[in-house]
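The following paragraphs lead the reader through one protein chain, from a single loop residue to the packing of its helices. Please keep the sequence and the coordinates at hand while reading.

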Amino acid sequence: MGMSRKHYQALAEAIARPLELYNSVGTCSRLNLCIQVLKAVGSVCAEDNDRFDYDRFVRAFLDAVGEDRLSYYRAQEILRNSLPEYAE
């Protein structure tokens with residue numbers, strides 16, 4: 001049985017979960033690594049399933065991280081460098 005949208009969303013949320021332990025400053029020091037993991041997992045998922053929605057996967061991750069942490073100016077700089085299409 002293949003993975004469903006629910007599985008992909010759970011993966012994205014799991015990748016973001018370690019960031020829950022930190023405030024905005026602490027999140028920034030770990031955000032880049034989490035984004036690298038997100039991209040690697042997303043790439044594997046896309047190879048496995050041609051209907052995989054990478055955009056939805058990234059948005060699930062960003063939602064799980066939380067707007068309050070991502071609004072911090074250093075987090076925005078990391079997003080501009082790592083996921084420019086998702087930065088504000």
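Which residues does Phe52 touch, not counting residues up to four places away in sequence? In this predicted model, the residues touched are Tyr8, Gly42, Cys45, Ala46 and Phe57. Phe52 itself belongs to the loop between H2 and H3. With a relative accessibility of 10%, Phe52 counts as buried, because the cut-off for that class is under 20%. The C-alpha atoms of Phe52 and Met3 are 9.4 Å apart in space, although 49 residues separate the two in sequence.

The two helices that this loop connects may be considered next. The axes of H2 and H3 come within 11 Å and cross at roughly 150°. H2 is therefore roughly antiparallel to H3, since angles over 145 degrees fall in that class. The crossing in which H2 passes H3 is right-handed. On the H2 side, the contact is made by Leu31, Cys34, Ile35, Leu38, Lys39, Val41 and Gly42, and on the H3 side by Tyr54, Phe57, Val58 and Phe61.

Two of these residues also stand out in the nonpolar interior. The largest nonpolar core has 25 residues, and Leu31 and Phe61 are those with the most contacts inside it. At least two residues of this core come from each of helix H1 (5–16), helix H2 (24–48), helix H3 (54–65) and H5. In soluble globular proteins, nonpolar side chains tend to be buried together. The surroundings of Phe61 can be listed in full: leaving aside neighbours within four places in sequence, Phe61 is in contact with Ala12, Ile15, Ala16, Leu19, Leu31, Cys34, Ile35 and Leu38.

Among the contacts of Phe61 are Ala12, Ile15 and Ala16, which also take part in the meeting of H1 with H3. The axes of H1 and H3 come within 8 Å and cross at roughly 45°. That angle makes H1 oblique to H3. H1 passes H3 in a right-handed crossing. From H1, the participants are Arg5, Tyr8, Gln9, Leu11, Ala12, Glu13, Ile15 and Ala16; they meet Arg56, Phe57, Ala60, Phe61, Ala64 and Val65 in H3.

H3 also carries a residue that faces a contrasting environment. Is Asp63, in helix H3, buried or exposed? Asp63 is exposed, at a relative accessible area of 65%, because the threshold for that class is over 50%. The C-alpha atoms of Asp63 and Cys34 are separated by 14 Å, and the two residues are 29 residues apart along the chain.

Returning to H2, one may ask how this helix is placed with respect to H5. The axes of H2 and H5 are 9 Å apart, and the two helices pack at an angle of about 20°. H2 and H5 are therefore roughly parallel to each other. Their crossing is right-handed. Val25, Cys28, Leu31, Asn32, Ile35 and Lys39 in H2 meet Arg74, Ala75, Ile78, Leu79 and Ser82 in H5.

Arg74 of helix H5 merits a separate look. Leaving aside neighbours within four places in sequence, Arg74 is in contact with Val25 and Cys28. Its relative accessible area of 35% makes Arg74 partly exposed. Arg74 and Arg5 are 69 residues apart along the chain, and their C-alpha atoms are separated by 31 Å.

Two polar residues complete the account, one in each of these helices. Gln76 is found in helix H5 (residues 73–82) and is buried, with a relative accessible area of 8%. A polar atom of the Gln76 side chain lies 2.7 Å from the backbone oxygen of Leu70. Beyond four places in sequence, Gln76 is in contact with Leu70, Ser71, Ala87 and Glu88. Thr27, placed in helix H2, is likewise buried, with a relative accessible area of 0%. The side chains of Thr27 and Arg69 are joined by a polar contact of 3.4 Å. Leaving aside neighbours within four places in sequence, Thr27 is in contact with Leu19, Tyr22 and Arg69.

How values were computed:
Residues numbered from 1 in each chain as written. Predicted model: local features only at pLDDT ≥ 70, side-chain atom pairs only at ≥ 80, totals over all residues. Heavy atoms only, no water. Helix = DSSP H or I, 4+ residues; strand = E, 2+ residues; numbered from the N terminus. Buried < 20%, exposed > 50% of the residue type's maximum accessible area, 1.4 Å probe, protein only. Polar contact = N/O pair within 3.5 Å; in protein donor to acceptor, adjacent residues only side chain to side chain. Contact = heavy atoms within 4.5 Å. Core = buried A, V, L, I, M, F, W, Y, C linked by side-chain atoms within 4.5 Å. Axes fitted to C-alpha atoms, helices over the stretch in contact; angles between N-to-C directions. Parallel < 35°, antiparallel > 145°, perpendicular 65-115°, else oblique. Left-handed = near helix turned anticlockwise from the far one by under 90°.
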